[in-house]
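Welcome! Here is a set of exercises to work through at your own pace. Try each task before you read its solution.

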Amino acid sequence: MRTIGRLAAPAALAVVAVLALTGCGRGAAPDAGGAGDIPDNQAFVEYRPAGAKYSIKVPEGWSRSETGDTATFTDKLNTITVGLGARGTAPDVAAGQAELASLRDNAGFSAGPVTVEQRPAGPVLLIRYRADADADPVTGKVVNDDVERYEYWHAPADMLTVTLAGPHGADNADPWRTVTESVRWLG
C-alpha cells in the first residue's frame, strides 16, 4: 500500500505539469516557434543571377529553382520568389490595388493593405494579402499563407518583384525585412 502512495504523488505531479504546459487543450496561445517560423538565427547569403541587374540576400540552405528571370527559394512552408520584369513607370498604390483585385479569385484570398514603403534600394510598392498555398504533394494539406509582394522599380524600366509567403501567423517579420532591405540595384 505504501508503494502505491509513493508512486501516486509523482504521477499526479506529472499529470499536472503536462496539463499546465499544454493549456489543457483549450484556449492555449499559439506556439511562438510554430510551423512556418523562420528562425531568428537564420543565416543569409547573397543571390545574384548571371548578368544580374540586382542582388538580394536569401536564407542560406533553402532550395532554389530558376525559370527565365524568376528564382524561387523554398524551405518547408516558406517561399521567396524573385522576378525581374519591365515596367515603364514606377508602380503606385492604384496599380497595386488593381493587382490585388486581380487576385481575389484565388482560393483562401483575403485582401490586405497596399502601401509605398522605403527600403535602401528606394521606394517600394508593398501589396499584402492572404491566399492558400499549393497543396502538399504528399499529404494534400493546404496552408493559408500571409503574402507580401514588394515591387522595386529602377529607371528606365526595370521592375524587381519579391514575393514572400509563409503560413498565416508565422513570425517571419525580421527575416522578411532582412530580405527586402538587402535588395541592391547593380550597375
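## Exercise 1: Aromatic pairs

A search of the whole structure, which is a predicted model, turns up two aromatic pairs.

**Task.** Classify the pair formed by Tyr47 and Phe73 from the distance of the ring centres and the angle of the planes.

**Solution.**
- Step 1: A pair of aromatic rings is described by the distance of the centres and the angle of the planes.
- Step 2: For Tyr47 and Phe73 the centres are 5.1 Å apart, and centres within 6.5 Å count as a pair.
- Step 3: Their planes stand at 75°, and an angle over 60 degrees counts as edge-to-face. The pair is therefore edge-to-face.
- Step 4: Now place the two rings along the chain. Tyr47 belongs to strand 1 (residues 44-47) and Phe73 to strand 4 (residues 70-75), so the pair links distant parts of the chain, 26 residues apart.
- Step 5: Tyr47 has a relative accessible area of 6% and Phe73 has 3%. Buried means under 20%, so Tyr47 is buried and Phe73 is buried as well.

**Task.** Describe the pair of Phe109 and Tyr129 in the same way.

**Solution.**
- Step 1: Phe109 and Tyr129 are 5.9 Å apart, centre to centre, with 40° between the planes, and this pair is tilted.
- Step 2: Phe109 sits in the loop between helix 2 (93-102) and strand 6 (110-119), while Tyr129 is in strand 7 (residues 122-132). They are 20 residues apart, and this pair too links distant parts of the chain.
- Step 3: Both Phe109 and Tyr129 are buried.

## Exercise 2: The seven-stranded sheet

**Task.** In what order do the seven strands of the open sheet lie, and which are the edge strands?

**Solution.**
- Step 1: Strands of a sheet pair through backbone hydrogen bonds, either parallel or antiparallel.
- Step 2: Here the order is 3-4-5-9-8-7-6, and the pairing is antiparallel.
- Step 3: Strand 3 (63-67) and strand 6 are the edge strands, since each pairs on one side only.
- Step 4: On average, neighbouring strands of this sheet are turned by 15° against each other, direction ignored.

**Task.** Follow the bridges between strands, starting with strand 4 and strand 5 (residues 78-86).

**Solution.**
- Step 1: Six bridges hold strand 4 and strand 5 in an antiparallel pairing. Asp75 has Asn78 of strand 5 as its bridge partner.
- Step 2: Strand 6 and strand 7 run antiparallel and are joined by eight bridges. Glu117 is partnered by Val124 in strand 7, and a hairpin of two residues joins the two strands.
- Step 3: Strand 7 and strand 8 are antiparallel over nine bridges. Arg130 finds its bridge partner, Asp146, in strand 8.

**Task.** Which strands do helix 2 and helix 3 (residues 173-181) meet?

**Solution.**
- Step 1: Helix 2 packs on the sheet and touches strand 6, strand 7 and strand 8 (144-154). Its direction makes about 150° with that of strand 6.
- Step 2: Helix 3 lies across strand 5, strand 6, strand 8 and strand 9 (158-167), and runs at about 170° to strand 9.

## Exercise 3: The three-stranded sheet

**Task.** Which strands stand at the edges of the sheet with the order 1-2-10?

**Solution.**
- Step 1: This open sheet has three strands with antiparallel pairing.
- Step 2: Strand 1 and strand 10 (184-185) each have a single partner strand, so one side of each is left without a neighbour in the sheet.
- Step 3: Strand 1 and strand 2 pair over four bridges; Phe44 is partnered by Pro59 in strand 2.

## Exercise 4: The inside

**Task.** Which residues touch the most other members of the largest nonpolar core?

**Solution.**
- Step 1: This core has 21 residues, and those touching the most other members are Ile56, Phe73, Ile80, Val82, Tyr152, Leu160 and Val162.
- Step 2: Strand 2 (54-59), strand 4, strand 5, strand 7, strand 8, strand 9 and helix 3 each give two or more residues to this core.
- Step 3: A second, separate core has 10 residues, among them Phe109, Val114, Leu125 and Ala165.

**Task.** Is Val58 buried or exposed?

**Solution.**
- Step 1: Val58 is in strand 2.
- Step 2: Its relative accessible area is 3%, so Val58 is buried.
- Step 3: Beyond residues up to four places away in sequence, Val58 touches Ala43, Phe44, Val45, Tyr47 and Phe73.

Definitions and conventions:
Residues are numbered from 1 along each chain as its sequence is written. This is a predicted model: local features need pLDDT of at least 70, side-chain atom pairs count only at pLDDT 80 or more; totals for chains, interfaces and linings use all residues. Side-chain values use heavy atoms; hydrogens and water are left out. Rings of Phe, Tyr and Trp (its six-membered ring) pair if their centres lie within 6.5 Å; planes under 30 degrees apart count as stacked, over 60 as edge-to-face and the rest as tilted. Buried means under 20% relative accessible area, exposed over 50%, partly exposed in between (1.4 Å probe, protein chains only). Two strands pair if DSSP finds at least two bridges between them. Axes are lines fitted to C-alpha atoms, for helices over the stretch in contact, and angles run from 0 to 180 degrees between N-to-C directions. Contact means heavy atoms within 4.5 Å. A nonpolar core is a set of buried Ala, Val, Leu, Ile, Met, Phe, Trp, Tyr and Cys residues joined through side-chain atoms within 4.5 Å.
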